[in-house]
Amino acid sequence: MRYASITERLAGLGSGKWAIHIEARRKAAEGIPVIQLTIGEPDLPPDPALLAECTRALHAGRTRYSNGRGEASVVTALVEKYSRRRQGITERNVLCFPGTQSALFVVLMGLLDAGDEVLVGDPYYATYEGLIASSGAKISPVELKVENRFHLNAADLEAAITPGSRVLLLNTPHNPTGAVLTSEEIATIGELCRRHDLWIVCDEVYEELTFGQASGSTFASPFDNPDLAERTIVVSSISKSHAAPGFRSGWAVGPSEFCDRLLPVSETMLFGVQPFIADMTAMALTQPIETASIMRTNYERRARLMANRLKSISTLRPVMPEGGMFIVVDVSATGLTGYEFAARLLEEQHVAVMPGSSFGEAARHLIRISLTVSDETLAEAADRMVKLARTLAADAA
């Protein structure tokens with residue numbers, strides 16, 4: 001039988017990247033007490049007010065069809081949210097989707113043709129490669145160097161630009177490394193994109209989880225620069241900010257002409273979101289919900305806890321994140337790749353982490369640790385990682 005070429009392009013880019021996570025879940029189902037630090041699933045529940053609103057909307061009959069752009073209450077809330085960042089935002093600049101993943105898929109389908117190139121910092125989120133390949137475009141990795149704390153370097157970006165480059169897929173705060181670009185870095189990168197006529201697609205799902213906000217640190221985005229308005233598209237959701245990943249409620253905000261062109265693509269694929277979840281989303285965007293503030297404090301404290309405990313052995317080299325809900329560790333000094341270390345850690349110490357190879361070639365020597373468990377559990381996991389590292393050091397002696 002014949003199949004569409006997309007099935008070949010995406011072969012190996014799906015659940016295979018999550019093999020260790022899947023194996024950890026299998027072990028846990030068998031009764032093995034695995035400490036699971038693989039996925040970015042917040043340990044806090046959604047705020048009770050949001051759950052109450054979702055339930056109210058369900059019982060009120062908000063279960064009928066929506067429309068292609070999004071429920072009016074959410075569109076209005078998004079216009080207000082992004083108008084605080086840049087003037088001139090209207091409902092024509094907004095499209096709603098079931099989560100950031102679907103938003104990215106449709107946005108990239110609307111920007112790319114077969115053979116186009118998408119510039120992405122490497123390491124990159126595990127699904128980016130498949131999202132790009134879906135359109136027939138090619139990923140063009142730009143190494144994010146540990147000595148630069150994984151910040152995208154403008155000179156490295158410019159060196160990677162070719163006549164086939166069409167889009168820069170930017171992620172800040174960054175998954176998996178937790179790097180947060182400064183406004184100065186954003187301005188330099190934005191000027192490069194303007195000069196080379198590149199679209200900027202900015203995944204800002206961790207916008208509200210930037211560390212150091214109490215000391216005056218602020219989130220920066222190319223969206224906020226009026227000179228980049230015609231080429232910047234933001235995608236985000238309530239999955240991380242409001243601890244609601246299972247509700248699948250996201251959006252894209254960009255130039256009105258782009259959104260007008262993309263609307264039929266979105267309607268053909270999805271034709272609307274769930275109204276009862278939209279009501280909850282509108283509340284999340286307009287009411288003072290403290291979930292993000294609590295998580296921000298927790299994740300920064302846990303990242304420091306993990307980094308401090310791992311520093312007790314020289315072969316584990318944690319890199320303190322600047323935002324998000326993960327910390328990455330360079331394990332190359334153990335003599336193993338990130339995948340080999342993660343596999344042995346699961347088998348011998350019953351701790352599950354993500355191997356860096358799931359996030360690109362430049363991350364092959366890393367592991368990514370989720371900070372979404374209690375401090376006590378995280379400390380125990382760190383001690384088990386140190387134990388494995390000591391075993392590896394002794395075997396090599």
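Asn298 sits in helix H11 (helices, H or I, of at least four residues and strands, E, of at least two are DSSP runs, numbered from the N terminus). With a relative accessibility of 15%, Asn298 counts as buried (buried is under 20% relative accessible area, exposed over 50%, partly exposed in between, with a 1.4 Å probe and protein chains only). Its side chain makes a polar contact of 3.3 Å with the side chain of Arg301; such a contact is a pair of N or O atoms within 3.5 Å, where within protein one must be able to donate a hydrogen and the other to accept it, and residues adjacent in sequence count only if both atoms are side-chain atoms.

The model is predicted, so to speak of local features takes pLDDT of at least 70 and side-chain atom pairs count only at pLDDT 80 or more, while totals for chains, interfaces and linings use all residues. Residues are numbered from 1 along each chain as its sequence is written, and side-chain values use heavy atoms, with hydrogens and water left out.

Helix H11 (291–310) also turns up in the largest nonpolar core, as one of the elements that each supply at least two residues. This core (buried Ala, Val, Leu, Ile, Met, Phe, Trp, Tyr and Cys residues joined through side-chain atoms within 4.5 Å) runs to 45 residues, and Leu37, Leu316, Ile369 and Met385 have the most contacts inside it. Helix H13 provides the largest share, eight residues. Leaving aside residues up to four places away in sequence, Met385 touches Leu37, Met306, Leu310, Leu316, Phe341, Leu345, Val351, Val353, Ile367 and Ile369 (contact means heavy atoms within 4.5 Å). Apart from this core lies another, of 30 residues, including Leu144 and Met354.

Then there are the pockets. A pocket is an open set of points on a 1 Å grid over the protein atoms alone where a 1.4 Å probe fits, with protein on both sides within 12 Å along at least five of seven lines; lining residues have an atom within 4 Å of a point. The largest has a volume of about 460 Å³ (the space filled by probe spheres set on the points, which are joined across faces, edges and corners). Its lining comprises 22 residues, with Gly40, Tyr125, Tyr206, Lys240 and Arg248 nearest the centre, and helix H5 (residues 100–111) gives the most, three residues.

The second largest pocket holds about 310 Å³. Lys81, Arg84, Glu207, Glu208 and Leu285 are the closest to its centre among 19 lining residues, and H10 gives the most to that lining, with three residues.
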